[in-house]
Amino acid sequence: MKTPIIWCIGGSDSGGGAGIQADLLAVRGMGGHACSVISAVTAQNSLRVAHIQAVSLESFTAQLNCLAQDLFPQALKIGMLADSLQLHCLAEFIAWLKRVGKPPLVVWDPVLRASSGAALSEIKPGDNDVTALLGQVDILTPNAQELELLTGVSPTSPDALAAAAQKLLQTGCGAVLVKGGHLAWQAETAEDYYFDGQDYRRFGSVRIDTPHSHGSGCTLASAMATALALDYPVEDAICLAKAYVNRGLRQASAVGEGPGPLSHQGWPKDVAYFPAVIPGNWQPPKALQPFAEESELGLYPIVDSADWVERLLPLGVNCIQLRIKKARKTDLEEQIIRAIKLGRDHEARVYINDHWQLAIRHGAHGVHLGQEDLQTADLLAIQQAGLRLGISTHGYAELQLAKSLSPSYLALGHLFATKTKQMPSKPQGLTRLRQYLILAEGVPTVAIGGISVERVPEVLASGIRGIALVSAIRDAANPEATTRTLLNMLEKRHADRA
Ligand SMILES: Cc1ncc(COP(=O)(O)OP(=O)(O)O)c(N)n1
Ligand SMILES: Cc1ncsc1CCOP(=O)(O)O
Ligand SMILES: [Mg+2]
């Protein structure tokens, strides 16, 4: 992928910790190319803001116009804007950008005050220009204080946050991530609240107690804008940005006499810094224990009938999934009973996709569920019946959520384009697969989606231990021969590792 271009629109911080200076470091650190549009020049050190001078409107618009002619952005990160004129002009400019090219993603961190408390902007919440800019924004990232200033709603509880976010969404703003750093009810954790009108999630991290957090808001928004420009979905962009900031906070130190800036350490990889992802509208059962352990999955064919189970198990397949999407109720149950019996006869592991009640009733080895099934399935019943649970994931946020349930395995996909299922997400590819494997933390993993026999070696080279496939076996000229070839490939890898 070409290095994405991110415009950072905001104030210059002469102290080098926040504002444009932090933005440039964060965008670079996340693998983007950062351009800058300076809205104001501030004279700051680590102790105080000594002077603020807005740039002229002429200079502000000249920077925007010049960049649009050559360095068209994939994302914009907006920070401090000095006055209503800049807001007005920027809202119109973004509307124009969206008309003339591929609309850039827009993240606005509505900086109204410096962390020292000094007012940085003359913007008056509620004025028409604020509303106009909000209408162009994909994600707004206010802290509690900014949320209150923008909406008039005091952030006294999660419900109040939701009400405030709702007000902002009504302006046309796509989503709101309320940063929890200053919320009164948070002590040990730092949870951010995400609202987009449909989805409500919390992204929680252990609070990192440091005075050296200068620039963390700017950095979060810039890292997020870069991840969006790199084509990560919003929930993954939030995970990556939080991991970037958490690591920066952990390694921050003083530079001057006052609070130091967070440290910029590049693309986040260390699992310790990634947030827990907690669905807002749903709680997993409190008594839920880890699911029964699973060993390496190896070759994991997914088939749509007991006949196929009967065809493949005698070849030496020892893990298989029955995935029936359309069937009459009686036929479905019969197929499941037969598949489970075949599993017992061949000492193979049979997972049932979706139909967890039937899987429990007939004693399957395990159940495979998608993310959307997690809210409706009785996870406690599955776990207490001793069945294994495999969960589908399609990125960082889903992986973090799935991991919190201690499943028996994690499925990572879809890896490549597939014709077998219409996917709402984009193919992940091998680079992302390698990143996700670090996050899996010892839970067995299996890759799925568009994996052909030819691609198996490069998929295995990522370190993944299991390979799930449908069409590579189902549509093969000789499914038995193909299955044997695949088994040999996985067996060889197993032997090479031993
Ligand atoms: C191993 C494995 N990975 C992913 C899936 C997909 O499951 P899900 O998200 O529940 O979608 P459907 O299969 O139900 O369409 C899977 N079945 N197996
Ligand atoms: C069920 C499913 N879930 C994610 S991709 C996929 C289909 C995988 O099929 P194929 O191996 O034919 O691409
Ligand atoms: Mg399913």
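**Sheet, helices and the ligand 2 site**

Helix α1, formed by residues 19-29, lies across three strands, β1 (5-13), β2 (33-44) and β4 (75-78), and runs at about 150° to β1. The structure described here is a predicted model. A second helix, α6 (residues 158-169), lies across β6 (139-140), β7 (175-178), β8 (189-195) and β9. The angle between α6 and β8 is about 40°.

The strands crossed by α1 and α6 belong to an open sheet of 10 strands with mixed pairing. Its strand order is β3-β2-β1-β4-β5-β6-β7-β8-β9-β10. The edges are formed by β3 (49-54) and β10 (276-279), each of which pairs on one side only. The partner of β10 is β9 (residues 200-206), and these two strands pair in the antiparallel sense over four bridges. Within this pairing, F203 stands opposite V277 of β10.

Ligand 2 is surrounded by residues R323, H414, T418, T420, K421, M423, I448, G449, G450, L469, V470 and S471. By class, this shell has six polar, four nonpolar and two charged residues. Two threonine side chains place polar atoms beside oxygen atoms of the ligand: the distance is 2.6 Å for T418 and 2.4 Å for T420. The backbone also takes part, with a polar backbone atom of V470 lying 3.0 Å from an oxygen atom of ligand 2. On its own, ligand 2 has 370 Å² of accessible area, and the protein covers 94% of this area.

Terms used
Residues numbered from 1 in each chain as written. Chains lettered and ligands numbered in written order. Predicted model: local features only at pLDDT ≥ 70, side-chain atom pairs only at ≥ 80, totals over all residues. Heavy atoms only, no water. Near = heavy atom within 4 Å. Polar contact = N/O pair within 3.5 Å; in protein donor to acceptor, adjacent residues only side chain to side chain. Areas by Shrake-Rupley, 256 points an atom, 1.4 Å probe, with all protein chains shown as cover. Nonpolar A, V, L, I, M, F, W, Y, C, P; charged D, E, K, R; others polar. Pairing = 2+ DSSP bridges. Contact = heavy atoms within 4.5 Å. Axes fitted to C-alpha atoms, helices over the stretch in contact; angles between N-to-C directions.
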